[in-house]
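Here is a friendly walk through one protein model, written for someone who likes to check each point against the coordinates. Please keep the viewer open as you read.

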Amino acid sequence: MSKYFSKKFDALEAYVPGEQPQDQKYIKLNTNESPFDPPRAVIPVIKDQSRKLRLYSDPESRELTQAVADYYGLEFDNVMVTNGSDEALNYAFLAFADDETPVVFPEITYGFYKVIATLNNIPYEEISLRDDFTIDVREYEGIGKTICLANPNAPTGIALSLEEIEQIVRTNPDNIIIVDEAYVDFGARSAVPLLYRYDNLLVTQTFSKSRSLAGGRLGFILGAKELIDDLKILKNSTNPYNVNRMTAAAGVVTLRENTYFKNSCQSIQFNRRYTQRALEELGFRVLPSSANFLFVRTDRISGEDLYLALKEKGVLVRHFSDPKISDWVRVTIGTKTQMDVFLSKVEEIFVEQDREQSKGE
């Protein structure tokens with residue numbers, strides 16, 4: 001970094017996104033993108049909006065905001081759309097956590113939470129998972145702090161029940177609970193119904209995963225009108241035109257294509273179960289997942305070596321350097337064909353490993 005970079009960022013460790021090779025020679029199972037294209041109806045609306053690029057987008061994203069509200073049975077004032085759900089999370093941390101009210105999240109979870117807190121000089125606390133990588137709800141009950149939970153959690157894929165989420169919300173009535181539902185559409189229960197009963201709950205979702213718009217950068221946050229008003233103050237103070245007109249239009253159409261959405265999610269769930277069974281037959285430990293990925297490990301090869309060997313064979317998976325999970329890899333669920341290639345490459349690696357071991361004996 002340069003000598004001019006502010007010292008207040010000395011402790012900041014930037015979030016490291018998954019690899020995005022531009023030559024597309026890999027099967028990408030590393031960033032939890034959808035393997036399916038957006039609905040065809042998205043293309044003409046994007047083209048139409050591209051003719052209006054000289055004009056700013058609607059700062060309220062009114063059509064999209066109303067479409068999200070209608071979809072979830074909420075009011076317009078209960079919704080704020082954002083440039084990806086990471087922007088929503090950033091505003092929520094800024095608005096509802098500070099020196100007096102630190103933010104709390106699991107020790108093993110989405111790495112961006114720690115980055116957001118550090119960037120904004122917000123104190124944070126991490127709570128360890130159980131040995132089986134599950135969240136102990138009792139450790140969050142009545143702690144009197146801002147809480148952020150990914151549900152399903154990442155990178156584990158394990159989900160809390162709606163009853164467990166409600167227990168955390170109910171026992172912290174004077175604090176905000178943020179539930180990050182980036183992967184909820186693949187088998188977990190959404191906390192959105194709790195919004196009708198609790199005014200201290202915020203729910204974030206994204207169009208990046210189940211709705212195939214990762215490149216569009218679109219998310220949203222749901223909550224009581226007063227909380228959304230708070231968040232809009234921050235949004236309008238930093239990035240009032242945060243959602244471009246093409247993405248907003250694509251989001252509206254995507255919400256209408258519900259049959260396509262449900263079929264895509266069902267395909268992912270089928271392929272997830274298929275891949276889990278196959279990996280278990282190969283001797284892998286596979287955590288129970290309600291997301292569009294699996295978190296897996298094997299005693300036969302380290303997580304890093306498996307990631308590197310797969311990369312050499314043209315398959316990208318995600319490996320994390322954190323020692324607590326460095327023996328694991330996260331595998332995005334793609335099409336059945338992609339998962340078959342992944343599984344065949346794993347078998348190749350094991351055969352080559354056995355061959356090398358036999359040479360040394």
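The report below looks at a few strands, a pocket and two single residues in this predicted model.

## Strand S8 and its two partners

Let's begin with strand S8, which spans residues 219–223 and is mostly covered, with five of its five residues buried. Side chains in a regular strand alternate between the two faces of the sheet. In S8, Gly219, Ile221 and Gly223 point one way, while Phe220 and Leu222 point the other way, and all are buried.

Which strands pair with S8? Strand S2 (residues 79–82) runs antiparallel to S8 and is joined to it by four bridges. Strand S7 (residues 201–206) is antiparallel to S8 as well, and here five bridges make the connection. Ile221 is a handy residue to click on: Met80 stands opposite Ile221, and so does Thr204.

## Strand S5, paired in the parallel sense

Strand S5 (residues 146–150) is another mostly covered element, since five of its five residues are buried. On one side sit Thr146, Cys148 and Ala150, on the other Ile147 and Leu149, and all of these are buried, leaving both faces of S5 covered.

The pairing of S5 is parallel with strand S3 (residues 103–106), over two bridges, and parallel with strand S6 (residues 177–180), over four bridges. For landmarks, look for Val104 opposite Ile147 and for Asp180 in S6, the bridge partner of Ala150.

## An open four-stranded sheet

Further along the chain you will find an open sheet of four strands, ordered S9-S10-S13-S12 and paired in the antiparallel sense. Strands S9 (285–286) and S12 (318–319) stand at the edges with a single partner strand each, so one side of each has no neighbour in the sheet.

Strand S10 (residues 293–297) pairs with strand S13 (residues 329–332) through four bridges, in the antiparallel sense. Within this pair, Val296 has Val329 of S13 as its bridge partner.

## The second largest pocket

Rolling a probe the size of a water molecule over the atoms shows where empty space is left. The second largest pocket has a volume of about 270 Å³. Of the 16 residues lining this pocket, Gln49, Glu63, Arg245, Ala248 and Ala249 are the closest to its centre. The elements that supply two or more lining residues are H1, H2 and helix H7 (245–256).

Which helix gives the largest share of the lining? That is H7, with six residues. By residue type, the lining of the second largest pocket divides into seven nonpolar, three polar and six charged residues.

## Ser57, a buried loop residue

Ser57 lies in the loop between helix H1 (42–50) and helix H2 (62–72). Is Ser57 buried or exposed? With a relative accessibility of 10%, Ser57 counts as buried, because the cut-off for buried is under 20%.

The side chain of Ser57 reaches the backbone oxygen of Val243 at 2.9 Å. Leaving aside neighbours within four places in sequence, the contacts of Ser57 are Tyr241, Val243, Asn244 and Arg245. Arg245 is also among the residues closest to the centre of the second largest pocket.

## Lys262, a partly exposed helix residue

Our last stop is Lys262, placed in helix H8 (residues 258–281). Lys262 has 46% relative accessibility and therefore counts as partly exposed. The C-alpha atoms of Lys262 and Asp185 are separated by 8.7 Å, although these residues are 77 residues apart along the chain.

Terms used. Residues numbered from 1 in each chain as written. Predicted model: local features only at pLDDT ≥ 70, side-chain atom pairs only at ≥ 80, totals over all residues. Heavy atoms only, no water. Buried < 20%, exposed > 50% of the residue type's maximum accessible area, 1.4 Å probe, protein only. Polar contact = N/O pair within 3.5 Å; in protein donor to acceptor, adjacent residues only side chain to side chain. Contact = heavy atoms within 4.5 Å. Pairing = 2+ DSSP bridges. 1 Å grid on protein atoms, 1.4 Å probe; cavity = no way out; pocket = protein on both sides within 12 Å on 5 of 7 lines; lining within 4 Å. Points joined across faces, edges and corners; volume = space filled by probe spheres on them. Nonpolar A, V, L, I, M, F, W, Y, C, P; charged D, E, K, R; others polar.
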